[in-house]
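Please look through the structure shown here with its side chains displayed, following the aromatic rings before turning to the charged and polar groups.

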Amino acid sequence: MAAWTWRFETAGGTEVQPAVQPEEFTTQGDAESWIGEHWKDLKEGGTDQVRLFEDSTEIYGPMSLHAEEAEA
């Protein structure tokens, strides 16, 4: 069974420890729901962007957590 995980990064792409510790997710939908619930806390804790992986394969990213800046 695939494991879905997030990588947490600064705007420059350096990996950082997340302010909210995630789990390994069994579906992409569960992983995306989790990031939707916790993105503000992650951003406040120093994460600027995330990447989603299925096992060792990057599915997408980087995805900015600065939504208000992206809309401006």
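One aromatic cluster brings together F8, F25 and W34, and in this predicted model it is a convenient place to begin. The structure holds three aromatic pairs, and two of them are followed here in detail. A pair of aromatic rings is described by the distance of the centres and the angle of the planes.

In one of these pairs, W6 and Y60 sit edge-to-face, with 6.2 Å from centre to centre and 70° between the planes. This pair links distant parts of the chain, since W6 belongs to strand 1 and Y60 to strand 3 (residues 57–64), with their positions 54 residues apart in sequence. How accessible are the two partners, W6 and Y60? W6 counts as buried because its relative accessibility is 8%, under the 20% cut-off for that class, whereas Y60, with a relative accessible area of 25%, is partly exposed.

Another pair is made by F8 and W34, again edge-to-face, with the centres 6.3 Å apart and an angle of 70° between the planes. Here too distant parts of the chain are linked, with F8 in strand 1 and W34 in helix 1 (residues 28–44), 26 residues apart. Both F8 and W34 are buried, and both are members of the cluster that also includes F25.

From the rings we can turn to the charges. Side chains of opposite charge can pair when their charged atoms come close. The structure holds four salt bridges, and a network of such bridges links R7, E9, E15, R51 and E58. Within this network, R7 pairs with E15, the closest N and O atoms lying 3.0 Å apart, and R7 itself is partly exposed, with a relative accessible area of 24%.

Which parts of the chain does the pair of R51 and E9 tie together? The side chains of R51 and E9 meet in a salt bridge with an N to O distance of 2.7 Å, and because R51 lies in strand 2 (residues 49–54) while E9 lies in strand 1 (residues 4–9), the pair ties together parts that are 42 residues apart in sequence. Both R51 and E9 are buried. R51 also forms a salt bridge with E58, where the closest N and O atoms are 3.0 Å apart. The two partners of this bridge fall into separate classes of accessibility, because R51 has a relative accessible area of 18% and is buried, while E58 has 35% and is partly exposed.

E9 leads on to a polar neighbour, Q49, which has its place in strand 2. Is Q49 buried or exposed? Its relative accessibility is 11%, so Q49 counts as buried. The side chain of Q49 makes a polar contact with the side chain of E9 at 2.7 Å, and a polar atom of the Q49 side chain also lies 3.4 Å from the backbone oxygen of T10. Leaving aside residues up to four places away in sequence, Q49 touches a set of residues that includes R7, F8, E9, T10 and A11 as well as P62, M63, S64 and L65.

Q49 thereby brings the two themes of this walk together: among the residues it touches is F8, a member of the aromatic cluster, and R7 and E9 are also among its contacts, both of them belonging to the network of salt bridges.

How values were computed
Residues numbered from 1 in each chain as written. Predicted model: local features only at pLDDT ≥ 70, side-chain atom pairs only at ≥ 80, totals over all residues. Heavy atoms only, no water. Buried < 20%, exposed > 50% of the residue type's maximum accessible area, 1.4 Å probe, protein only. Helix = DSSP H or I, 4+ residues; strand = E, 2+ residues; numbered from the N terminus. Polar contact = N/O pair within 3.5 Å; in protein donor to acceptor, adjacent residues only side chain to side chain. Contact = heavy atoms within 4.5 Å. Phe/Tyr/Trp six-rings, centres within 6.5 Å; stacked < 30°, edge-to-face > 60°.
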